Amino acid sequence: MENFKEIFRYLRALYRYRVLFVTAFLLVMTGIGVYSLTLPKIYSADTTVFIERNVIDSLVKGIAISPSIDDRLKVLRYALLSRDLVTKTLEQLNSQIFTKSEAEQQEYISKLIDRTNLRVRGQELFMVSIKDKSPRFARDYVNTLVGKYVEENISAKREETYGANRFLAEQIEVFKGKLEAAEDKIIQFRKKNGVYFSVDEGTTLANIRELEKQIEDIGLSQDTLRAQKKQIEQQLSNLPETIDTVTEAADNNRLTEMESRLNTLLLRYTENYPEVIRLRAEIDSLKQRLEQPGNQEKTSGTTRLTSMNPLYQELQGKAFQIDAELSSLAARKLNLQKTIAKRENELRDVPTTRKELGLLVQERDSIKNIYDDLLGRMSQSEVSKQMEISNKADTFRIVDPAVLPKVPVSPNMLKMFLLAVAGGLGCGLGLVFLLENMDNRIRDIEFLEDAGYEVLAIVPNIVDPAVAKKQKFGNVMLFAGSGLYFLCFSGVFAYLIFVS
């Protein structure tokens, strides 16, 4: 109830100070409206850049390594809005700022960087915009700035790829020389200390065991042969060296038969064949006996001969063969023993020399691993280089360059109109509120009753009809004039909003 009374009181005050309210409202609204018309027009230009992901980059993943575009996005703001790049942009635009002092140049560039807006949308695109009084400058500045960034970015990526390729080529040559030097050291070391030092210790021990086993086998073979020889010697001791043979054929016929058989054997075998040797020995023996008549006793029609016992000769031949095999085995055993001694000497020297050789080999292997890795990376670098040359890597592409803006983005006439109306109303209402609270006259009898005063009588206002009519006419003129003025004011702003 009290609130309604207060509202009613202020409404009566608003009517009472209606002229002052309308005047303040129109003055403030007009002032803000005139101020908005004097504000400079600001134009905005923006460029959209698409971050192009090439499908080839995913296909050659692991084969080629191209500079990551994600890393460039992380520093996009700092790189795009760097003082150096902005200065180059202004130089290309032939800006007159460079005719001024260095302090003024720095201040201008700093403000220009602050006015340049960068917005990044995900990993796909980013937009660069600027607001300026000159629409042509805004367009040229944004396009030139983004163009130079994209150009420098592509150049930097190519230079980075080429630089990596050159660096890898240089490092490959360096490590190739180191690898050859390490190989030469190992070769010289082996020549100096013997190639066997490069043999594995376990392999050498296994070789020694194998040789020892061969010696044991030779020993067993020697024992077997000696036993066989001993048995043959016993058999020989029980056999006669010669035997008597009786034949009814003539000596010459027997000799001829034996020679014929010898010739037949020579057609198939060599002189070293046992049967050939034996037969030749019998022929020689028979010839000797034929030349010594005392060894022959002739009886009527028969001839008695003494010849070598074939079994004796065979056993004797086996004995000779066993002797030869024993000699061969003994020589072989001696060689094996010498080889074992040599291997053992090598093993005794291995701990020191092998350590030195191991260090050389380790150094060579380390260099070789790096060299092989560099060769692999060089292949990747070559693929990356070809991708950059063919423009197949991820890159920035300007998909929507800035155009000359025709409509200013500031001031916003709708906002300025609403601000002028709100400002006028606020000032008018505030002025009425202030005057009402500063007025100490009592306009309500309830105030006296609440204060404890007794109201004896109320004298009503006596309204003069002529004055009332004049007052009514004044009110009509006031509201009509102010309404017409407000409509004109709104019409002006409506036109400005429409043309903008």
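Begin by selecting glycine 122, which takes a positive phi near 60 degrees in the hairpin of S2 and S3, where 3 residues stand between the strands. Helices (H or I, at least four residues) and strands (E, at least two) are DSSP runs, numbered from the N terminus. The model on screen is predicted, so that local features need pLDDT of at least 70 and side-chain atom pairs count only at pLDDT 80 or more, while totals for chains, interfaces and linings use all residues. Residues are numbered from 1 along each chain as its sequence is written, and side-chain values use heavy atoms, with hydrogens and water left out.

Widen the selection to both strands of this hairpin. Strand S2 covers residues 117-121 and strand S3 residues 125-132, and the two pair in the antiparallel sense over 5 bridges; strands are taken to pair if DSSP finds at least two bridges between them. Within this pairing, valine 120 of the hairpin stands opposite phenylalanine 126 in S3.

Now show the whole protein chain, which has 15 helices and 7 strands. Buried residues make up 30% of its 500 residues, where buried means under 20% relative accessible area, exposed over 50%, and partly exposed in between (1.4 Å probe, protein chains only). Among contacts (heavy atoms within 4.5 Å) between residues at least 6 apart in sequence, 84% join residues at least 24 apart. The accessible surface of the chain comes to about 32,500 Å², of which 57% belongs to carbon and sulfur atoms; accessible areas come from the Shrake-Rupley method with a 1.4 Å probe, and for residues only the protein chains shown count as cover.

Go next to helix H1 (residues 2-16), where isoleucine 7 has its place. Isoleucine 7 is partly exposed, with a relative accessible area of 47%, and Phe4, Ile7 and Leu11 form a nonpolar patch on the surface with about 340 Å² of accessible area together. Patches are made of residues with over 30% relative accessible area and no salt bridge, like charges being joined within 9 Å and nonpolar side chains (Val, Leu, Ile, Met, Phe, Trp, Tyr) within 5 Å.

Turn then to the charged pairs, of which a search of the whole structure finds 22 salt bridges, each a side-chain nitrogen of Lys or Arg within 4 Å of a carboxyl oxygen of Asp or Glu. Select glutamate 436 and arginine 16, which form a salt bridge whose closest N and O atoms are 2.6 Å apart. This pair links distant parts of the chain, since glutamate 436 is in helix H13 (residues 413-438) and arginine 16 in helix H1, 420 residues apart. Glutamate 436 counts as buried at 6% relative accessibility, whereas arginine 16 counts as partly exposed at 31%.

Move on to arginine 441 and aspartate 439, whose side chains meet in a salt bridge (3.1 Å, N to O). Arginine 441 counts as exposed at 55% relative accessibility, while aspartate 439 is buried, with a relative accessible area of 19%. Elsewhere, salt bridges that share partners join Glu6, Arg9, Arg16 and Glu436 into one network.

In helix H9 (residues 201-238), select lysine 213 and aspartate 217, which lie 4 residues apart, about one turn of the helix. Their salt bridge has its closest N and O atoms 3.6 Å apart; lysine 213 is partly exposed at 45% relative accessible area, and aspartate 217 is partly exposed at 36%.

Finish at helix H11, where Val276, Leu279, Ile283 and Leu286 are among the buried residues.
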